Amino acid sequence: MTAFICTTCGTQYPPSDASPAHCIICEEERQYVPATGQSWITPERLAARHANTFRQHEPGLIGIGSVPTFGIGQRAILVVTPAGNVLWDCISLLDDATIAVIKGLGGLKAIAISHPHFYTAMVDWSRAFDCPIHLHAADRQWVMRPDKAIAFWDGDTFALLPGVTLIRGGGHFPGGTMLHWAQGANDRGALLSADIATVTPDRKFLSFMRSYPNLIPLSAREVEGIAASVAPFQFDAIYGHFFDRVIATGAEEVLAKSVKRYLAAIAGTARGPTE
Ligand SMILES: [Zn+2]
């Protein structure tokens, strides 16, 4: 029995003798099955072909991503706090070196994940570190490998640890979640936004989509909802879902101008009335 992993989205399915017939995540409109067809990999083969790399974004925030990249290519973030460590988002590869490094930093108190595309191998991670997985209940239908370690939270915010708050922004998924760390960015606050609010490649703006690969935009109401969800929180930095998608300072202003630009674009007023 092997817990197979989809090579396109990185989602792990329950242990089975043969690979699953379909990836439900990739067949849904926010993802895609590639032209070459559905394919699967075992955790053992994944570990033979890839390794995890670590990059410290700032003291207490350590990015963890696979090289070469696998699946969607996101990196997770280890949030190191005096009350315990949180793994924010998740990746498919959990190798022995990663377990040793994280245990050396104090292990994990909890795992929290922004949305179903990053659920990946969360159950393997949870078992390695004997910790719960916190997911928003609105996305529970997208859990492909159910486990007793999964704890669903409901509502708009969830106080995970002192200074660490999960915020439901919705949008990309109804339960789309961001993590606020009050002690981040030298106590000015850090928002770990995943792709609920996506840092664009120029690192000057954020954008917001229902589907990134299939280019399905969100409505004005949904984007205003994301902005409203984080309005009560102070933050100077925003960390997106890739290593290089970071807004190091002035992030509240970046969010405000990004929402304004997005709303103007979908209203048809972005380039002036004569154009
Ligand atoms: Zn998939």
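In this predicted model, Thr157 stands opposite Ile167 in strand S11. That pair belongs to the contact between strands S10 and S11 (residues 164-168), which run antiparallel and share four bridges. The points below cover the sheet that holds these two strands, a second set of paired strands, the zinc site, the salt bridges and the cavity.

**The six-stranded sheet**

- S10 and S11 are part of an open sheet of six strands, ordered S10-S11-S12-S13-S18-S19, with mixed pairing.
- The edges of this sheet are strand S10 (157-161) and strand S19 (246-247); each has a single partner strand, so one side of each lacks a neighbour in the sheet.
- Strands of a sheet are held to each other by backbone hydrogen bonds, in either a parallel or an antiparallel arrangement.
- For S10, the pairing with S11 is of the antiparallel kind, and the position of Thr157 across from Ile167 is one point of reference along it.

**Strands S3, S4 and S5**

- Strand S3 (residues 51-58) pairs with S4 in the antiparallel sense, over seven bridges.
- Within this pairing, Gln56 has Ile62 of S4 as its bridge partner.
- S3 and S4 make up a hairpin with two residues between the strands. Gly60, in the turn, has a positive phi of about 90 degrees.
- S4 also pairs with strand S5 (residues 76-81), again in the antiparallel sense, over four bridges. Here Ile64 stands opposite Ala76 in S5.
- Strand S4 (residues 61-67) is mostly covered, with six of its seven residues buried.

**The zinc site**

- Four cysteine sulfurs serve as the protein donors of the zinc ion: Cys6 (SG), Cys9 (SG), Cys23 (SG) and Cys26 (SG), lying 2.3 Å from the ion.
- Along the chain these donors follow the spacing C-x2-C-x13-C-x2-C.
- The site is tetrahedral, with angles of 105 to 118 degrees among the four donor atoms.
- For four tetrahedral donors, the ideal angle at a metal is 109.5 degrees.
- Among the donors, Cys6 is buried at a relative accessible area of 0%, and Cys9 is buried at 1%.

**Salt bridges**

- The whole structure contains seven salt bridges. Side chains of opposite charge can pair when their charged atoms come close.
- One of the seven joins Glu28 to Arg210, with 3.8 Å between the closest N and O atoms. Glu28 lies in the loop between helix H1 (24-27) and strand S2 (40-41), while Arg210 lies in strand S16 (residues 209-211), so the pair ties together parts that are 182 residues apart in sequence.
- Glu28 is buried, at 14% relative accessible area, and Arg210 is partly exposed, at 25%.
- Arg210 also meets the side chain of Glu29 in a salt bridge, at 2.6 Å from N to O. This pair likewise links distant parts of the chain, with Glu29 in the loop between H1 and S2 and Arg210 in strand S16, 181 residues apart.
- Glu29 is partly exposed, with a relative accessible area of 42%.
- Another salt bridge is formed by Asp236 and Arg188, whose closest N and O atoms are 2.9 Å apart. Asp236 sits in the loop between helix H6 (220-230) and strand S18 (237-240), and Arg188 in the loop between helix H5 (184-187) and strand S13 (190-194); the two residues are 48 residues apart.
- Asp236 is buried, with a relative accessible area of 13%, whereas Arg188 counts as partly exposed at 44%.
- Through shared partners, salt bridges join Glu28, Glu29, Arg30 and Arg210 into one network.

**The cavity**

- The structure holds one cavity of 30 Å³ or more. The largest cavity has a volume of about 60 Å³.
- Residues lining the largest cavity include Thr11, Gln12 and Pro116, together with the run Tyr119, Thr120, Ala121, Met122 and Val123.
- The lining of the largest cavity also includes Trp142, Val143, Met144 and Arg145.

How values were computed. Residues are numbered from 1 along each chain as its sequence is written. This is a predicted model: local features need pLDDT of at least 70, side-chain atom pairs count only at pLDDT 80 or more; totals for chains, interfaces and linings use all residues. Side-chain values use heavy atoms; hydrogens and water are left out. Two strands pair if DSSP finds at least two bridges between them. A salt bridge is a side-chain nitrogen of Lys or Arg within 4 Å of a carboxyl oxygen of Asp or Glu. Buried means under 20% relative accessible area, exposed over 50%, partly exposed in between (1.4 Å probe, protein chains only). Donors are N, O and S atoms within 2.8 Å of the metal (3.2 Å for Na, K and Ca); water is not among the atoms, so sites may look incomplete. Four donors count as tetrahedral if all angles lie between 85 and 135 degrees; four count as square planar and six as octahedral if opposite donors are over 155 degrees apart and all others between 65 and 115; anything else is irregular. On a 1 Å grid over the protein atoms alone, a cavity is a set of points where a 1.4 Å probe fits but cannot get out, and a pocket is an open set with protein on both sides within 12 Å along at least five of seven lines; lining residues have an atom within 4 Å of a point. Grid points are joined across faces, edges and corners, and a volume is the space filled by probe spheres set on the points.
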